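Visitor: Could you walk me through the pockets in this one? I'd like to know what lines them.

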Amino acid sequence: MCGIVGYTGKRKAVFILLEALERLEYRGYDSSGVALLEDGRIFVDKKVGKIRELIKSLWGKELNATTGIGHTRWATHGGVCELNAHPHTDGQGRFALVHNGIIENYRELKEYLLSRGVKYVSETDTEAIVHLISLNYEGDLLKAVLKVLPMLKGAYAFAVISSMEPNRIVGVRYGSPLVVGLGEGENFLASDIPALIPFTKKVIPLEDGEIADLTPDGVSIYDFEGNLKVKESITVHWDLLSAEKGGFKHFMLKEIFEQPRVVADTIKGYISRDYELPFSLKDFRRIVITACGTSYHAGLIGKYWLEKFVGIPVEVSYASELRYSDTPVGEGDLVIAISQSGETADTRFSALSAKEKGAVLLSIVNVMGSALSRESDYTLYTHAGPEIGVAATKTFTCQLAVLFSLAISEHPERENLINQLLKVPNLMEEVLSKAEGIKEVALNYSQKKNLLYLGRYLSYPVALEGALKLKEISYIHAEGYPAGEMKHGPIALIDQHMPVVVVAPKDRVYEKILSNIEEVLARKGIVISVGFEGDENLKKLSKDFIEIPQVVEELSPFLTVLPLQLFAYYIADYLGLDVDQPRNLAKTVTVE
Ligand code: AGP
């Protein structure tokens, strides 16, 4: 899921492009590059690795261009090398193009281009687009792009410049995100909003099937037939600081410590009566939750709450599985799509196909103006602010805040439950104030190659989330498992070398989880437990006991997940890994 940017205006484009690319680096960091329009010529520079390699390469070069495009890559087609890095050109220096997405029919297009004598130099799908534009160019970049679009299959957002048309950028969105940023005498393009925050707060998120034609003096939006469209801009309320590290070593650590505040902000938006949903959850025969990764784990917790407080069946599906399964979803169903980015392809397309079959689509999203928020019947926003660390943390607990508020929205005990919920941010502060202690525990396990995470009931998805965090940022294999299931197989993994993280707040399954801990100890497993303060039983059974303040059973996930986030963070940081941009990952997964 690459990041693309564009700038045309009065200022030196190279500085704008590099700053914007740095803010998009969480979308992919295999290679990066820029193309600058100067004196009727296109200057291209691209480097493998982080953007700092590109900055080093451009350092000291006299680059006065005021129009350009840039790219940071997450490799899908073709290895990580300079030849496959973007921008791609037509080979005669007339056109340069950056792309995010996948052109599924690029092999046929490549055959066609080779048959037209085109020299195809890279292993990428993207290169096909710039050659097609070059072949169809008759003096107007927009017209050439309009001719090429019907030939492309797949998901894409791309930006293209031409040496024959200085100060002009054409950007296209179909499946992958693209946002226009509006300035005074200058205009911007980017894959998502954080890249634009330093330059403008006025943005136009493009919809699928839209083209933006940028010059310094204006932006025109067209559909794929070339018809002019009138679009409203929206004002982003995220400030620059929220996209800075604020003195923390990593964005992930900052975002972990932001949770009490952003969960309080999110709760605030949902405890007042004025967010009434124009329907009762009880109107539906069933709720189907679709999501990926951490958002899927939030969905699993949402299921327990919705079934408890609303009393209708809830199914939770991995979006990539629901998308192509024969699960009957449609009339009478409420589909809840959970996605921090609002752009995850698996989640979007599984939700859209359910909507097409007649289901009502409600999305829980963090990014304003994102595709899912525009495509859903209703959207509930988490107010987490921009999340820059690839590993989701604050958006997870904010998703929990929305799901819990939704689940209790019609419950007779709503007032009392809200009062319990309002205590959560302070209790989260208490847990985070013990971070140093959690760090000490975590470092004891930094050399381990495998860990097992166990939980029951609401703590089972928390165990899954803890394992995912460790895998994502420390590259240590970890598996989350329902504790009751362990004896049906994974218990075979346990010996005196296997650390087992057990999430064990005192809830309806507490006694059961204590027996599971006994089963682990019987095989000499190493128990690290997360439990309520003063729980001497659990403490006695554990090699390491991480205590959290008491809370009503329904709300324990808000607290039990925090030590697991920190546990993973401190191990990854100790191992000297790139915590904010772990290998092979990207913040927003816009291809299937
Ligand atoms: C979580 O830390 C990961 N970044 C990843 O699993 C993520 O949760 C998943 O890609 C879903 O992203 P979304 O919430 O933006 O849809």
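Visitor: How do the residues lining the largest pocket divide into nonpolar, polar and charged?
Guide: Keep in mind that this is a predicted model. The lining of the largest pocket takes in 29 residues. Sorted by class, they come out as 12 nonpolar, 14 polar and 3 charged.

Visitor: Which helix supplies the largest share of that lining in the largest pocket?
Guide: Several elements chip in at least two residues each: α8 (293–309), β18 (333–339), α10 (345–356), α12 (394–407) and α15 (459–474). The largest share is 4 residues, and the helix behind it is α8.

Visitor: What volume does the largest pocket have?
Guide: To find its middle, look for C292, G293, T294, A586 and V589, the lining residues nearest the centre of the largest pocket. As for the space itself, the computed volume is about 650 Å³.

Visitor: And how much space lies in the second largest pocket?
Guide: This one has 18 lining residues, with E22, E25, K245, F251 and Q581 closest to its centre. The space in the second largest pocket comes to about 490 Å³.

Visitor: Which element gives the most to the lining of the second largest pocket?
Guide: Two helices, α1 (13–24) and α2 (51–58), each put in at least two residues. The top contribution is 3 residues, and it comes from α1.

Visitor: How many charged residues are in the lining of the second largest pocket?
Guide: Start with the other classes: 5 of its lining residues are nonpolar and 2 are polar. E22, E25 and K245 are among the residues closest to the centre of this pocket, and Glu and Lys count as charged. Across the lining of the second largest pocket, the charged count is 11.

Key. Residues are numbered from 1 along each chain as its sequence is written. This is a predicted model: local features need pLDDT of at least 70, side-chain atom pairs count only at pLDDT 80 or more; totals for chains, interfaces and linings use all residues. Side-chain values use heavy atoms; hydrogens and water are left out. On a 1 Å grid over the protein atoms alone, a cavity is a set of points where a 1.4 Å probe fits but cannot get out, and a pocket is an open set with protein on both sides within 12 Å along at least five of seven lines; lining residues have an atom within 4 Å of a point. Grid points are joined across faces, edges and corners, and a volume is the space filled by probe spheres set on the points.
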